[in-house]
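Here is a short briefing on one protein model. Take a look at the structure first, then read on by topic.

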Amino acid sequence: MDRKITAKMLEWKNDPNRKPLLICGARQIGKTYSALHFGRTYYKNVAYFNFEFNKQTSKIFENDLDTKRIVDSLSAFCGIDIMENDTLIIFDEVQACNRALLSLKYFKENDPGYHIIATGSFLGIALEREDFSFPVGGVNMFRMYPMDIEEFMMATGNGRIADGIKRSFSSQKSYDLHDKAMEIYRTYTAVGGLPEAVERFSEGADASVITAIHADIDAAYMGDMSKYTSKAEAVMIKAIWSSIPNQLLRENKRFILKDVSEGTRTREAGMPLNWLLAAGLVNRCIRVNATTVPLSVHSEDPYFKLYMGDTGLMASKLGIPSKMIISESPGIDTYKGALTENYVIQTLKANGIKTYYWAPSPTKELDCLFQDSDGNVVPLEMKSSSHVKSLSMNAFMEKHKTKYAVRVSARNFGFDNRIFSVPLYAAFCISKDICNAVRE
């Protein structure tokens with residue numbers, strides 16, 4: 001399956017100032033697959049080392065961090081002649097060997113001819129340990145996410161539809177295959193972007209298989225929560241994780257800690273929440289009390305919405321049958337809003353957009369705000385249907401003299417009254433450079 005990160009890795013390979021590359025992200029999102037696929041496509045040889053499953057590899061880094069000695073030992077260990085420029089070295093789950101991670105700095109300084117990609121699922125968590133060191137300035141870093149809907153289209157034989165969507169986004173003109181694209185969106189909402197689920201779906205697996213895959217991945221995540229934390233911390237992490245879908249079903253989707261466990265205090269939940277964020281399993285949207293740039297200085301950290309990293313996984317945790325989502329059965333009306341918000345926030349996060357929301361009063365709330373590359377504050381509204389009337393959006397635009405706004409909904413493309421209508425299936429087109437698409 002083609003992933004967008006492949007193009008980024010190719011740019012990295014061809015960069016004369018290249019440093020060892022560190023790819024971070026949650027488990028089960030395709031980091032190892034992407035690195036191996038890239039190596040087998042663009043290099044003569046691949047030397048692969050997994051530090052989590054083969055502890056013997058870590059011993060190579062115990063004595064010193066002399067890069068020539070390390071390469072000789074790695075070559076002998078895997079039986080491959082590791083050559084500069086011709087061999088891709090992959091350090092998988094590198095957080096399991098801090099010395100291997102630290103060695104990347106010395107490869108950059110002493111032997112930059114070696115091409116190294118390191119992957120890590122729990123690097124953010126590992127960095128919290130007092131004895132953990134990071135090669136500051138010694139690596140290039142990419143953050144990876146589950147497959148977005150464009151990658152899903154590519155994997156399921158709908159690449160031409162993705163291309164047509166991008167053309168309509170640029171022209172702001174209606175997309176001819178809107179109904180077909182909306183069906184793909186609903187399917188993606190049910191299947192999600194975890195590569196194993198997408199691959200099995202593309203092979204023709206039925207809904208029960210996809211549900212079982214989601215259940216296995218959820219169980220693996222829960223296992224990690226116990227494996228990498230204390231017993232007390234694991235209990236709270238699991239409680240927060242399991243609480244997310246139901247909290248998003250409320251009209252006010254703000255995450256309430258006391259609803260996780262009676263008497264829970266913000267201070268007590270700080271570490272468990274940060275664990276989920278660092279592991280890449282959740283996305284957070286923080287409330288702001290002002291709407292001038294930079295938005296980050298106006299954030300009210302105790303007030304936030306919490307979303308799951310993959311909408312398909314969330315749909316499975318809610319127990320919604322895939323057929324009901326894809327067919328738009330009336331029975332899912334209760335869940336559509338939550339799934340839509342989770343999907344849009346997940347997509348924006350993967351595009352490098354930091355999201356906030358605005359709620360100056362209990363009766364006024366704007367779903368999302370972000371900054372574009374021109375420094376404009378962009379209000380963004382998320383609607384699960386084609387009914388898009390919103391007093392909050394209009395009031396916000398009037399009060400703050402907004403240049404333009406974005407509405408993601410079931411409607412086709414269009415631009416009216418300074419609001420850019422983006423269909424749900426086209427959310428992947430929204431980036432910080434959206435200002436270039438809306439200039440008249």
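Contact here means heavy atoms within 4.5 Å. The model is a predicted one. With that cut-off in hand, the briefing starts at Thr189, which touches Thr311, Gly312, Ala315, Ile325 and Leu339 once neighbours within four places in sequence are set aside. Cavities, the largest pocket, aromatic pairs and charges over rings follow.

**Thr189 and the largest cavity**

- Thr189 is part of helix H8.
- Thr189 has a relative accessibility of 3%, so it counts as buried, the cut-off being under 20%.
- Thr189 is also one of the residues that line the largest cavity.
- That cavity has a volume of about 110 Å³.
- Its lining is made up of Met182, Tyr185, Arg186, Thr189, Ile325, Glu328, Ile332, Lys336, Leu339, Thr340, Ser384 and Leu424.
- Two of these lining residues, Ile325 and Leu339, are also contacts of Thr189.
- Helix H8 (178-191) and helix H15 (333-350) each provide at least two residues of this lining.
- H8 gives the most, with four residues.
- Sorted by class, the lining holds six nonpolar, three polar and three charged residues.

**Other cavities**

- In total, the structure holds four cavities of 30 Å³ or more.
- The second largest cavity has a volume of about 70 Å³.
- Around the second largest cavity stand Ala26, Ile29, Pro146, Leu194, Tyr221, Trp241, Gly280, Leu281, Gly309, Asp310 and Leu313.
- Eight residues of that lining are nonpolar, two are polar and one is charged.

**The largest pocket**

- The largest pocket has a volume of about 730 Å³.
- It is lined by 33 residues, and the closest to its centre are Glu251, Lys253, Glu341, Glu365 and Asp367.
- At least two lining residues come from each of H15, strand E8 (356-361), strand E9 (364-371), strand E10 (377-382) and helix H16 (391-400).
- H15 supplies the largest share, seven residues.
- H15 thus appears twice in this briefing, as it also supplies at least two residues to the lining of the largest cavity.
- By class, the pocket lining splits into nine nonpolar, nine polar and 15 charged residues.

**Aromatic pairs**

- A pair of aromatic rings is described by the distance of the centres and the angle of the planes.
- The count of aromatic pairs comes to 22, with ring centres within 6.5 Å as the rule.
- Why is the pair of Phe152 and Phe201 stacked? Its ring centres are 5.9 Å apart and its planes stand at 25°, and planes under 30 degrees apart count as stacked.
- Phe152 belongs to helix H6 (residues 149-155) and Phe201 to helix H9 (residues 195-202), so this pair ties together parts that are 49 residues apart in sequence.
- Phe152 is buried, at a relative accessible area of 1%.
- Phe201 is partly exposed, at 27%.
- Phe255 and Phe304 make another stacked pair, 5.9 Å centre to centre with 20° between the planes.
- Phe255 sits in the loop between helix H11 (231-248) and helix H12 (266-278), while Phe304 sits in strand E7 (residues 299-308), so here too the parts tied together are 49 residues apart in sequence.
- Phe255 counts as buried at 3% relative accessibility.
- Phe304 counts as buried as well, at 4%.
- One aromatic cluster is formed by Phe169, Tyr175, Phe413, Phe415, Phe420 and Tyr425.

**Charges over rings**

- Lys13 lies over the face of Tyr43, at 4.9 Å from the ring centre.
- Arg18 places its charged end over the ring of Trp12, 5.8 Å from the centre of that ring.

**Asn140, with Trp12 and Arg18**

- Which residues does Asn140 contact, leaving aside its neighbours within four places in sequence? They are Trp12, Arg18, Lys19, Pro20, Leu21 and Leu22.
- Asn140 therefore contacts Trp12 and Arg18, heavy atoms within 4.5 Å being the test.
- Asn140 and Trp12 are 128 residues apart in sequence, yet 8.5 Å apart in space, C-alpha to C-alpha.
- Asn140 has its place in strand E5 (residues 140-143).
- With a relative accessible area of 23%, Asn140 is partly exposed.

Note on methods:
Residues numbered from 1 in each chain as written. Predicted model: local features only at pLDDT ≥ 70, side-chain atom pairs only at ≥ 80, totals over all residues. Heavy atoms only, no water. Phe/Tyr/Trp six-rings, centres within 6.5 Å; stacked < 30°, edge-to-face > 60°. Buried < 20%, exposed > 50% of the residue type's maximum accessible area, 1.4 Å probe, protein only. Lys NZ or Arg CZ within 6 Å of the ring centre and 35° of its normal. 1 Å grid on protein atoms, 1.4 Å probe; cavity = no way out; pocket = protein on both sides within 12 Å on 5 of 7 lines; lining within 4 Å. Points joined across faces, edges and corners; volume = space filled by probe spheres on them. Nonpolar A, V, L, I, M, F, W, Y, C, P; charged D, E, K, R; others polar.
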